[in-house]
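Work through the exercises below with the sequence and the coordinates open. Each one has a task sentence and a solution in steps.

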Amino acid sequence: MERPLTITEKIILNHTDLGEVKPGDIVNARVDIALGNDITAPIAIKEFETVGINGVFDRQKIVLVPDHFVPNKDILSAKQAKMLREFAKTYDIKYYFECGEAGVEHALLPEKGIVLPGDLVIGADSHTCTYGALGTFATGVGSTDLAYAFAFGEVWLKVPELVKVVFTGKPKKWVSGKDLVLYLIGQIGVSGANYMALEFSGNTFKHLGMADRFTISNMAIEAGAKSGIFEPDEITEEYVKGRANRDYIFYRSDEGAKYAKVLNFNTETINPQVALPHLPENSVDISEASAKNIKIDQSVIGSCTNGRIEDLRIAAQILKGKKIAKYTRLIVIPATVEVYRTAEKEGLIDIFLDAGGVVSTPTCGPCLGGYMGILADGERAISSTNRNFKGRMGDVTSEVYLANPAVCAASAILGKIACPEEAM
Amino acid sequence: MIFKGKVFKFGDNIDTDAIIPARYLNDSSDENLKKHCMEDADPAFSSNISKGDFIVAGNNFGCGSSREHAPRAIKVSGVPVVIAKSFARIFYRNSFNIGLFILEANTDDINNGDMLEVNTDSGEIKNLTKNNVINAKPIPEFMSELVNAGGLMEYARKRVKEGGRR
């Protein structure tokens with residue numbers, strides 16, 4: 001009998017010419033999509049130009065999204081963005097997005113149907129693992145890998161060992177995908193899944209939507225994982241069907257497939273989480289964080305982790321008719337133009353502005369300490385983003401606390417880290 | 001290859017923001033990367049490092065972003081080998097792709113300022129200050145071929161010369 005395979009092994013196998021793959025094998029795999037942004041693609045473009053090859057492997061499978069420092073934050077950033085534009089023109093790259101049609105890459109690609117279930121996707125951005133939510137094998141690589149993929153449409157991969165993560169039960173009120181993934185990282189640590197791939201499952205995900213899955217897959221990297229995949233189901237189909245303009249495949253793990261580890265969590269006992277500085281693994285219950293009376297200077301709602309329309313809706317639900325605390329900044333960054341437009345139509349933008357917040361054009365901006373909300377020395381932010389490393393959002397003495405958008409909204413109102421109920 | 005140099009020791013979870021902060025990522029030139037290498041972990045690093053010195057760290061070195069600027073900054077600073085208990089996976093692959101040696105070893109007994117002699121072929125790390133030897137995990141064959149070939153782009157150029165895309 002053939003060895004039962006996981007969804008991850010199946011996707012990798014079907015992108016090679018091999019008869020079988022097993023964890024530990026190093027394989028050369030074909031990529032369906034190779035992605036770069038305005039920080040990582042410039043190096044890839046420079047390297048690609050040294051290869052001496054006549055053209056890119058496939059103009060329809062390369063995606064360039066200027067999102068980190070775009071709209072250009074300064075002259076040097078403008079030069080980097082220009083390199084992407086010139087490359088896109090030269091090779092007639094199908095998926096190149098100017099800022100009026102773009103957004104944060106990992107929110108944008110699924111929204112546009114560019115990445116689909118069953119694909120093998122590489123991106124020169126660590127949060128490329130976000131697409132695992134669709135049943136895609138997606139992993140972050142470097143600029144050199146991207147240059148190689150531009151040329152040959154291939155990537156070398158070590159077939160990872162698999163860790164199955166099962167969440168069972170209905171989530172409590174205010175508990176979202178963000179809380180489950182922060183809880184998981186708190187349990188296994190920031191290198192708990194290093195070199196390994198995560199597979200998420202369990203009946204909890206019947207109670208949550210695609211946005212929650214994207215958030216969870218997005219932060220698989222914060223546990224060191226290579227990827228974080230969900231088996232596609234009717235929720236996936238509902239999301240993908242209106243967006244895809246090519247065929248896609250739903251892969252499923254076989255009965256009896258082998259996992260290096262299986263982790264079981266009871267969702268019903270998990271509360272909203274806050275990750276204290278300076279690692280995503282420092283997650284605690286919101287009640288514990290709230291009791292510490294942690295004053296904040298800034299609240300950020302956005303990013304590839306939590307900048308989708310569902311995130312903005314929940315923040316608006318809490319902020320409606322309220323004012324944020326004096327001497328506090330609330331920065332809301334819809335992740336894509338489509339999210340921005342929908343938020344505008346639904347009246348969410350007015351709610352944020354009426355509350356005393358500000359709404360930015362889509363960009364990664366403050367998440368990585370780029371611009372649009374940099375912290376001064378000693379300042380504190382609560383943020384719906386993904387990393388709270390030392391100096392991540394600004395001065396090396398500043399602090400970032402990670403939480404879901406509801407907690408970020410409530411904290412902006414109270415000027416301190418707070419439970420959503422405290423602000424209602 | 002054998003390298004000899006002084007140790008710059010760091011702790012666990014040295015992330016890519018510490019290795020090269022995002023505020024400098026608007027310029028990927030070697031000069032810029034070298035100037036700000038390790039700045040948020042040790043602001044004096046770029047002025048104190050000499051060609052041939054080693055970075056030695058604890059667990060999960062290079063966690064966080066996929067930015068290849070991080071191993072590049074280390075390489076252009078003249079550091080030939082990074083030794084750590086473990087590396088985050090994207091940093092690990094990026095290092096081999098660009099031709100920077102990475103060794104996994106128990107680094108508990110290596111201190112800041114120690115003199116080391118490191119053999120990247122055998123994985124032997126001689127601590128000349130402490131007069132002891134630590135053995136690193138062997139580098140997987142594929143990775144050592146990659147780094148000895150001069151990295152992935154060198155391999156790509158060879159592939160094109162030898163018959164093009166396929």
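**Exercise 1.** Against which strands and helices do the buried residues of H2(A) pack?

Solution. Some conventions come before the steps. Residues are numbered from 1 along each chain as its sequence is written, with chains lettered from A and ligands numbered from 1 in the order in which they are written. This is a predicted model, in which local features need pLDDT of at least 70 and side-chain atom pairs count only at pLDDT 80 or more, while totals for chains, interfaces and linings use all residues.

Step 1. Helices (H or I, at least four residues) and strands (E, at least two) are DSSP runs, numbered from the N terminus. Helix H2 of chain A spans 41-48.

Step 2. A residue is buried if 20 or more other C-beta atoms lie within 10 Å of its own, exposed if 12 or fewer, and partly exposed in between, with C-beta atoms placed from the backbone. By this criterion seven of the eight residues of H2(A) are buried. They are Ala41(A), Pro42(A), Ile43(A), Ala44(A), Ile45(A), Glu47(A) and Phe48(A).

Step 3. Two residues are in contact if their C-beta atoms, placed from the backbone, lie within 7 Å. Within chain A, the buried residues of H2(A) pack against strand S2 (33-37), strand S3 (62-65), H3 and H5. From chain B, helix H7 (152-161) joins this list.

**Exercise 2.** Describe the side of chain A that touches chain B.

Solution. Step 1. The contact involves 45 residues of chain A and 36 residues of chain B.

Step 2. Helix H2, helix H3 (75-91) and helix H5 (143-152) of chain A each supply at least two residues to this side of chain A. H5(A) gives the most, with seven residues.

Step 3. Sort the residues of this side of chain A by type: 21 are nonpolar, 16 polar and eight charged. Here Ala, Val, Leu, Ile, Met, Phe, Trp, Tyr, Cys and Pro count as nonpolar, Asp, Glu, Lys and Arg as charged, and the others, Gly among them, as polar.

**Exercise 3.** Into which domains is chain A divided, and how many residues does each give to the contact between them?

Solution. Step 1. Domain 1 of chain A covers 7-243 + 259-265, and domain 2 covers 276-423; the bounds come from an automatic or database domain assignment. Their centres, taken over C-alpha atoms, are separated by 24 Å.

Step 2. Domain 1 of chain A gives 36 residues to the contact and domain 2 of chain A gives 30.

Step 3. On the domain 1 side, helix H4 (105-111), helix H6 (177-188) and helix H7 (210-218) of chain A each supply at least two residues. H6(A) gives the most, with six. This side divides into 16 nonpolar, twelve polar and eight charged residues.

**Exercise 4.** Are the faces of strand S5 of chain A covered or open, and which strands pair with it?

Solution. Step 1. S5(A) spans residues 120-123 and has both faces covered. Leu120(A) and Ile122(A) are buried on one side, Val121(A) and Gly123(A) on the other.

Step 2. Two strands pair if DSSP finds at least two bridges between them. S2(A) and S5(A) pair in the parallel sense over three bridges, and Leu35(A) has Gly123(A) as its bridge partner.

Step 3. S5(A) also pairs in the parallel sense with strand S6 (residues 137-140) of chain A, over four bridges. Ile122(A) stands opposite Thr139(A) there.

**Exercise 5.** Trace the fold of chain B and the order of its sheet.

Solution. Step 1. Chain B has seven helices and seven strands, in the pattern β-α-α-α-β-α-β-α-β-β-β-β-α-α along the sequence.

Step 2. The open sheet has seven strands in the order S4-S3-S2-S1-S5-S6-S7 (chain B), with mixed pairing. Its edge strands, S4 (101-104) and S7 (132-135) of chain B, each pair on one side only.

Step 3. Strand S6 (residues 124-127) of chain B runs antiparallel to S7(B), joined by four bridges. Asn127(B) stands opposite Asn132(B) in S7(B).

Step 4. Of the 166 residues of chain B, 52% count as buried. The C-alpha atoms of chain B fill a box of roughly 50 × 40 × 25 Å along the principal axes.
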